[in-house]
Amino acid sequence: MSAAEGHPSGMPPGPQAKAKLTVDRITSFDEEDLLALCEATDAAIIEGGGFGWLSPPGRQVIESYFKGLLLVPERELYVGRVDGVIVGSTQLVRPPRSNEAQAMAATLTQTFVAPYARRLGLARMMVIRAEERARAMGYQVLNLDVRETHSSAIALYETLGFTRWGTHPAYARVGGKMIAGAYFHKLLQRKS
Ligand SMILES: CC(C)(COP(=O)(O)OP(=O)(O)OC[C@H]1O[C@@H](n2cnc3c(N)ncnc32)[C@H](O)[C@@H]1OP(=O)(O)O)[C@@H](O)C(=O)NCCC(=O)NCCS
């Protein structure tokens, strides 16, 4: 069988056919990035796994959300890209200065990848990137929580060495039904 057989374009699948996955921190938006991030968010909400929204709130609301997010001093936004196009994001949240007792713990939240870009390894890359940043800033603990129905996310965090320490029985309400939440933490060892 020739290399081109079975490939729709007739071209042999080579290294050039492989999607390029990258993760970077966003501190300001250009229009293209903002549009792609809003589209990815919309798609994730419609599929049932995007932030706390249960139905798309409208493009204007999502745009304002992300623009406002960049103004919050404690939050850092990391985006995952396929061939340069944003398809998902995660947020690293530092504790407020007033919280001295938990000054050693950061939180990872709102991690998602659009349905059309899943299982490529992007969420893993984004979480690792945020975790490395938290470690570099001196945090010793990374916390996160997720709906118990988000089994793909739970599998992701387990493979990345997060420990599930608890279950919140009334974590979220979806379609009138109460849903439990899974709470995870990871101790961040300093890399020598
Ligand atoms: C959870 C989510 C972010 C994973 O994104 P992703 O880019 O597809 O994940 P990755 O490709 O990086 O997967 C990394 C690992 O996580 C696990 N995983 C991811 N999706 C999985 C699935 N559907 N079933 C089982 N394991 C899964 C696997 O161990 C996977 O490694 P592998 O592909 O080598 O087996 C994505 O499915 C999503 O956005 N889901 C809805 C929203 C959500 O649950 N967000 C989390 C809230 S905190």
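Q: Which elements each supply at least two residues of the shell around the ligand?
A: Strand 4 (105–113), helix 3 (122–136) and helix 4 (151–159) each do so. The model is a predicted one. Helix 4 gives the most to this shell, with five residues.

Q: What makes a residue part of the shell around the ligand, and which residues come nearest?
A: The test is a C-beta atom, placed from the backbone, within 6 Å of the molecule. Of the 19 residues around the ligand, G49, R118, A123, H150 and S152 come nearest.

Q: Why is A123 of that shell classed as it is, and how is the whole shell divided by class?
A: Ala is among the residue types that count as nonpolar, so A123 falls in that class. The shell as a whole has 10 nonpolar, six polar and three charged residues.

Q: How do you know what span helix 1 should have, and what is the distance between its end C-alpha atoms?
A: The expected span is 1.5 Å times one less than the number of residues. For the 17 residues of helix 1 this gives 24 Å, and the end C-alpha atoms are 24 Å apart, so the two values agree. Helix 1 is followed by G48, whose phi is positive, near 110 degrees.

Q: Which residues of helix 1 are called buried, and what makes them so?
A: The buried residues are L37, C38, A40, T41, A43 and A44. The term requires 20 or more other C-beta atoms within 10 Å, and therefore each of these residues reaches that count. The elements that cover them include helix 2, strand 2, strand 3 and strand 4. As background, an α-helix has 3.6 residues a turn, so residues three or four places apart point the same way.

Q: Why is E32, in helix 1, called buried or exposed?
A: E32 has 11 other C-beta atoms within 10 Å. The limit for an exposed residue is 12 or fewer, so E32 is exposed. The C-alpha atoms of E32 and A114 are separated by 16 Å, although these residues are 82 apart along the chain.

Q: How do helix 1 and helix 2 cross, and which residues meet there?
A: The axes of helix 1 (residues 31–47) and helix 2 (residues 59–69) come within 10 Å and cross at roughly 115 degrees. The crossing is right-handed. From helix 1, L34, L37, C38, T41 and D42 meet R59, I62, E63 and F66 of helix 2. The residues of this contact divide into five nonpolar, one polar and three charged.

Q: What makes the phi of D83 notable, and why is D83 called buried or exposed?
A: D83 has a positive phi of about 50 degrees although it is not a glycine. This residue lies in the loop between strand 2 (75–82) and strand 3 (85–93). With 10 other C-beta atoms within 10 Å, D83 meets the limit of 12 or fewer and is therefore exposed.

Q: What is the phi of R119, and why is R119 called buried or exposed?
A: Phi of R119 is near 65 degrees, a positive value in a residue other than glycine. R119 is placed in the loop between strand 4 and helix 3. The count for R119 is 8 C-beta neighbours inside 10 Å, so R119 counts as exposed.

Q: What does the chain comprise in secondary structure, and what share of its residues is buried?
A: The chain has four helices and seven strands, which run β-α-α-β-β-β-α-β-α-β-β from the N terminus. Buried residues make up 26% of the 192 residues.

Key
Residues are numbered from 1 along each chain as its sequence is written. This is a predicted model: local features need pLDDT of at least 70, side-chain atom pairs count only at pLDDT 80 or more; totals for chains, interfaces and linings use all residues. Axes are lines fitted to C-alpha atoms, for helices over the stretch in contact, and angles run from 0 to 180 degrees between N-to-C directions. A crossing is left-handed if the near helix is turned anticlockwise from the far one by less than a right angle, and right-handed if clockwise. Two residues are in contact if their C-beta atoms, placed from the backbone, lie within 7 Å.
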